[in-house]
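Work through the exercises below with the structure open. Try each task before reading its solution.

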Amino acid sequence: MDILLLLKALILGIVEGLTEFAPVSSTGHMILVDDMWLKSQDFLGKYPANTFKVVIQLGSILAVVVVFRQRFIDMLGLSRNKATNEITGSRLKLTQVIVGLLPAGVLGLLFEDYIDEYLFTTNTVLIGLAIGAVLMIFADRFAAKNQNPVIDTVDKITYKQAFSIGLIQCLSLWPGFSRSGATISGGVLLGLSHRAAADFTFIMAVPIMAGASGISLLKNLEYFSMDAMPFFVVGFISAFVFAMLSIRFFLNVIEKVKLTPFAIYRLVLVAVIVFVIM
């Protein structure tokens with residue numbers, strides 16, 4: 001595999017890592033960048049190219065696990081310092097995360113083939129970006145009217161709120177809508193602070209992204225060859241590195257900037273892309 005192809009994998013990994021946890025849709029950005037400029041389908045084939053866009057998310061997942069490692073250790077009951085857990089009181093439970101995952105998990109399994117076949121296009125991504133931006137602006141305006149969020153930490157989330165956020169997460173099955181954009185907006189509308197909603201979003205992302213990546217990889221395993229392996233490895237590593245950077249940055253600024261600047265970026269991006277392709 002030549003250097004130019006590896007450079008394309010590096011670019012897609014960077015796009016994935018930088019956009020996965022910002023509410024701008026990493027899948028949407030990868031589809032736009034790939035369809036308009038990099039053309040990975042030309043040398044990988046349609047199904048391996050679509051799977052690559054999903055599998056390199058495993059690099060981003062690993063970044064979340066690293067950043068939230070203590071949280072996952074606590075939820076799995078593997079923490080050695082049980083006295084600390086008792087002092088801190090209620091903590092986010094693994095069962096709450098599972099409840100939040102159920103709606104999108106079920107719909108994703110039912111409609112995965114349809115999504116892969118018909119929704120991985122530039123036009124559908126632009127629709128998702130625009131509608132998702134409207135939801136994000138609405139959520140910010142709602143939060144501005146209710147200045148004191150009921151839930152200021154992820155540990156106070158109820159099962160009902162977790163399930164409701166999971167229902168809203170189903171919108172992100174449409175490429176371009178953005179998983180984090182949908183769930184953070186949903187969390188804010190349900191009374192969570194932006195930071196609490198972001199924390200819950202990132203934690204939920206690990207099992208649902210790992211599951212989606214694994215299923216897609218298994219279904220399309222027959223299309224792979226060892227010649228494509230360097231492409232996947234480079235994409236995975238670059239996604240991990242840049243996801244680490246973007247997660248820490250996003251968590252530091254989300255309470256300050258809220259969702260509206262990201263929504264404006266999405267709308268500007270849609271306008272630019274429409275202008276370019278018309």
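**Exercise 1.** How much space lies in the second largest pocket? Then say what lines the second largest pocket.

*Solution.* The model is predicted, so its confidence values matter in a later exercise.
Step 1. The second largest pocket holds about 220 Å³ of space.
Step 2. Its lining has 16 residues, and those nearest the centre are Ala143, Asn146, Pro149, Val188 and His194.
Step 3. Sorted by kind, the lining residues of this pocket are seven nonpolar, six polar and three charged.
Step 4. Helix H9, residues 122-145, gives the most to this lining, with four residues.

**Exercise 2.** Describe the largest pocket and find the helix with the largest share of its lining.

*Solution.* Step 1. The space in the largest pocket comes to about 780 Å³.
Step 2. Its lining counts 36 residues, and Gly108, Leu173, Arg179, Ile208 and Ala212 are the closest to the centre.
Step 3. At least two lining residues come from each of the helices H2 (26-38), H4 (46-55), H8 (94-119), H11 (179-189) and H12 (194-219).
Step 4. H8 has the largest share, 10 residues.
Step 5. By kind, the lining of the largest pocket splits into 18 nonpolar, 13 polar and five charged residues.

**Exercise 3.** Is glutamine 169 buried or exposed? List what touches glutamine 169 and place it in its helix.

*Solution.* Step 1. Glutamine 169 belongs to helix H10, which covers residues 159-169.
Step 2. Its relative accessible area is 0%, so glutamine 169 is buried, the limit being under 20%.
Step 3. Beyond neighbours within four places in sequence, glutamine 169 is in contact with Gly100, Ala104, Arg179, Ala182, Thr183, Met204 and Ile208.
Step 4. Glutamine 169 has company in H10: Gln161, Ala162, Ser164, Ile165 and Gly166 are buried as well.
Step 5. The cover over the buried residues of H10 includes H8, H11 and H12.

**Exercise 4.** Which residues does leucine 251 touch beyond four places in sequence? Relate leucine 251 to the regions listed in the UniProt record.

*Solution.* Step 1. Helix H13, residues 229-257, contains leucine 251.
Step 2. Leucine 251 counts as buried because its relative accessible area is 9%.
Step 3. Apart from residues up to four places away in sequence, leucine 251 touches Phe68, Arg195, Ala198, Asp199 and Phe202.
Step 4. Glycine 187 is 64 residues from leucine 251 along the chain, and their C-alpha atoms are separated by 15 Å.
Step 5. In an unreviewed entry, UniProt lists residues 54-73, 94-112, 118-138, 197-218, 230-251 and 257-277 as "transmembrane region".
Step 6. The stretch 230-251 is 100% helix and 0% strand, with 32 Å between its end C-alpha atoms.
Step 7. For residues 54-73 the figures are 90% helix and 0% strand, and the end C-alpha atoms are 26 Å apart.

**Exercise 5.** What is the phi of serine 25, and what is the phi of lysine 258? Find where each residue sits and how accessible each is.

*Solution.* Step 1. Most residues other than glycine have a negative phi.
Step 2. Serine 25 has a phi near 80°, a positive value, and lysine 258 has a positive phi of about 65°.
Step 3. Serine 25 lies in the loop between helix H1 (3-19) and H2, while lysine 258 lies in the loop between H13 and helix H14 (260-277).
Step 4. Serine 25 is buried, since its relative accessibility is 4%.
Step 5. Lysine 258 is partly exposed, since its relative accessibility is 28%.
Step 6. For a second loop residue, take glycine 77, between helix H6 (69-75) and H7. Glycine 77 is exposed, at 54% relative accessibility.
Step 7. Glycine 77 and lysine 258 are 181 residues apart in sequence, and their C-alpha atoms are 33 Å apart.

**Exercise 6.** Which element of the chain has the lowest mean pLDDT, and which has the highest?

*Solution.* Step 1. Over the chain the mean pLDDT is 88, and 95% of the residues reach 70 or more.
Step 2. Helix H7, residues 82-87, has the lowest mean among the elements, 48, and H10 has the highest, 96.
Step 3. Residues 83-88 have a pLDDT below 50, and this stretch has two contacts in the model beyond near neighbours in sequence.
Step 4. Where pLDDT is low, the predicted coordinates should not be read in detail.

Technical notes:
Residues numbered from 1 in each chain as written. Predicted model: local features only at pLDDT ≥ 70, side-chain atom pairs only at ≥ 80, totals over all residues. Heavy atoms only, no water. Buried < 20%, exposed > 50% of the residue type's maximum accessible area, 1.4 Å probe, protein only. Contact = heavy atoms within 4.5 Å. 1 Å grid on protein atoms, 1.4 Å probe; cavity = no way out; pocket = protein on both sides within 12 Å on 5 of 7 lines; lining within 4 Å. Points joined across faces, edges and corners; volume = space filled by probe spheres on them. Nonpolar A, V, L, I, M, F, W, Y, C, P; charged D, E, K, R; others polar. UniProt positions renumbered as here; feature names shortened; annotations may be inferred. pLDDT = per-residue confidence, 0-100.
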